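Here are my notes for you, in numbered points. Keep the viewer open and look up each residue as you read.

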Amino acid sequence: MRILRHIITISGFTVMSRVFGLVREIMIARFLGASLVTDAFFVAFKFPNLFRRIFAEGAFNAAFVPLFSRKLVSEGREPAKSLAEVIFSAMLVFLTIFVLLVVIFTPTIIHILAPGFATTPERLELAITFTRITFPYILFISLAAHLSGVLNSFDRFAAAAGVPILLNVVMISSLLICPYIDLSYGIGLSIAVTIAGIVQLLWLYVACWRMDFRIRLRWPRITPDIKELLRLMVPGAIGAGVMNINLFIDTILASFLPEKSVSYIFYADRLNQLPLSMFGIAIGTALLPLLSRQLKAGEYEKALQNKLVATDVALQLTVPAAVGLVMLSYPLIHLIYGMSVSDTQATANALAAFAIGVPAYVLNKVFVTGFFARQDTKTPVKIAIGCIFLNLLLNLILMKYLGHVALALSTSLSAWMHTFALYGVLKKRSWFALTHGIKVASIKITFISILMGIILWYLESNYDPCCMNRWQEIGYVISQVSVGMIAYILLGIVLKVIDLSRVKTALGG
């Protein structure tokens, strides 16, 4: 049950981070609303985050963690430390040059990233300015991701899982400070992003230092290990980041839609990221180093069992979460962001469409580790490319009828296709197959979640935000979430989907 303990640890810190993140989003929505400034900032913020999710947390971790874990198992601590230092130094040089080039050519990049902004000169100029300030964040957060990979390989998950909290704390602080130093919120937030990257890097460096794993700078050189890392990273950049590439495509297409569309998608995605981060990142982060070590040691049965446990946990957490997000999309958006009725409805519609894909996004994290742990990053990229084109095709077809909601729905549908394709290949290669018990459990979980959704829909007839004050809205949402959780847990126990003894063991009881 060690993997369950790791998942719980990472999820706990992720919940804390998302709470701070929601506070940040509430403050941005209250101070700036949906406007030209938020459109520009969200595009600028999304740009370094796209590279962070794909290259730092996605492709880099998918390549580095198995490589580092295998060297740790086969050769020991010192050779693994030497590998980490060489890679850290090479990343520092490459990323510094990359950041400088992006800052120089930002105007051209923004025309590619958000071509629709050209019709609004003010929004375009703001996006260029904000991007130049925020983009150095990718340098620091990528180096931080490297140190996170080292810590995770030693099963030290807490320090790395807590890092996102620092970003939110720094950004919240900037919103509070800006009025007192006569700085615009857009500029203040952009500066805060880069400062947060520095703070996050220092936090993880100290964590490694305290573990007596001190990363020293070396003269960067192209070693066989660097070549192997690059060989694995190039296809992994797409294979691990297909969802983020789809969201990037969504941003480009949203820039052609009416004003505020980018903000609707951003606000909806932020709430949708809560279950994805709590469950998907936690499961993937805990599973990858463990599988890599077990496969290297020839412990194939243990590796298979951990994959099955991760799949079961993913289904039990994400299916009810998806139904809950769909049913409570409007109350959640209205409570958290406090926007107008029309803006709330537009954002809630996008959130409901995103939520349909929540189980698929998290299962992708589970299934793709089966390839990465075996250092196969080419197969996921082939599947991902097909899903990216599917997402684009669905966007172009549905945008005419559903507007910005089509972007969210297309992302969800392509995520499900991605899941089925990954599982199909894993099963064909005899690397992983669902047991009869997991299949039966998935049917029961879906059935229970639908019943939970019906209960929430029935209770929603009492919801009227116009007749509620702030505290009444908070009480309503808390009560709805509580009712949904209790209904799911009770039905899960009755139908023997939830095993309380296993949960108690995972919690160390």
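1. Start with Thr106, which is buried, because its relative accessible area is 1% and the cut-off for buried is under 20%. This is a predicted model, by the way, so read the numbers below as values computed from a prediction. Thr106 sits in helix H4, which covers residues 106–113.

2. What does the side chain of Thr106 reach? Follow it to the backbone oxygen of Val103, at 3.1 Å. Setting aside neighbours within four places in sequence, Thr106 is also in contact with Ile128, Thr131 and Arg132.

3. Next, hop over to Ala348, in helix H15 (residues 341–355). Is Ala348 buried or exposed? Its relative accessible area is 1%, so Ala348 is buried. If you leave out residues up to four places away in sequence, Ala348 touches Ser329, Tyr330 and Ile333. Try the distance tool on Ala348 and His334 too: they are 14 residues apart in sequence, and their C-alpha atoms are 8.5 Å apart in space.

4. Asp39 is worth a click as well. You'll find Asp39 in helix H2, residues 36–74. Asp39 has 0% relative accessibility, so it counts as buried. How far apart are Asp39 and Leu124, in sequence and in space? Along the sequence it's 85 residues, while C-alpha to C-alpha it's 9.6 Å.

5. Now for the salt bridges. A search of the whole structure turns up four of them. In one, the side chains of Arg216 and Glu85 meet, with N to O at 3.3 Å. This pair links distant parts of the chain: Arg216 is in the loop between helix H9 (185–210) and helix H10 (224–239), Glu85 is in helix H3 (residues 77–104), and their positions lie 131 residues apart in the numbering.

6. Look at how the two partners differ in exposure. Arg216 counts as exposed because its relative accessibility is 51%, and the cut-off for exposed is over 50%. Glu85, at 0% relative accessibility, counts as buried.

7. Glu85 has another partner: Arg218 forms a salt bridge with Glu85, and the closest N and O atoms are 2.7 Å apart. Here too the pair links distant parts of the chain, with Arg218 in the loop between H9 and H10, Glu85 in helix H3, and the two 133 residues apart. Arg218 has 29% relative accessibility, so it counts as partly exposed. Put the shared partners together and you get one network of salt bridges that joins Lys81, Glu85, Arg216 and Arg218.

8. One more salt bridge for your list is Asp212 with Arg214, where the closest N and O atoms are 4.0 Å apart. Arg214 counts as partly exposed, at 37% relative accessibility.

9. Last stop, the cavities. How many cavities of 30 Å³ or more are there? The count comes to two. The second largest holds about 40 Å³ of space, and its lining is made up of Arg18, Gly21, Leu22, Arg270 and Leu274. Helix H1 (2–32) and helix H12 (261–296) each supply at least two residues of that lining, with the largest share, three residues, coming from H1. Sorted by class, the lining of this second largest cavity has two nonpolar, one polar and two charged residues.

Note on methods:
Residues are numbered from 1 along each chain as its sequence is written. This is a predicted model: local features need pLDDT of at least 70, side-chain atom pairs count only at pLDDT 80 or more; totals for chains, interfaces and linings use all residues. Side-chain values use heavy atoms; hydrogens and water are left out. Helices (H or I, at least four residues) and strands (E, at least two) are DSSP runs, numbered from the N terminus. Buried means under 20% relative accessible area, exposed over 50%, partly exposed in between (1.4 Å probe, protein chains only). Contact means heavy atoms within 4.5 Å. A polar contact is a pair of N or O atoms within 3.5 Å; within protein, one must be able to donate a hydrogen and the other to accept it, and residues adjacent in sequence count only if both atoms are side-chain atoms. On a 1 Å grid over the protein atoms alone, a cavity is a set of points where a 1.4 Å probe fits but cannot get out, and a pocket is an open set with protein on both sides within 12 Å along at least five of seven lines; lining residues have an atom within 4 Å of a point. Grid points are joined across faces, edges and corners, and a volume is the space filled by probe spheres set on the points. Ala, Val, Leu, Ile, Met, Phe, Trp, Tyr, Cys and Pro count as nonpolar, Asp, Glu, Lys and Arg as charged, and the others, Gly among them, as polar.
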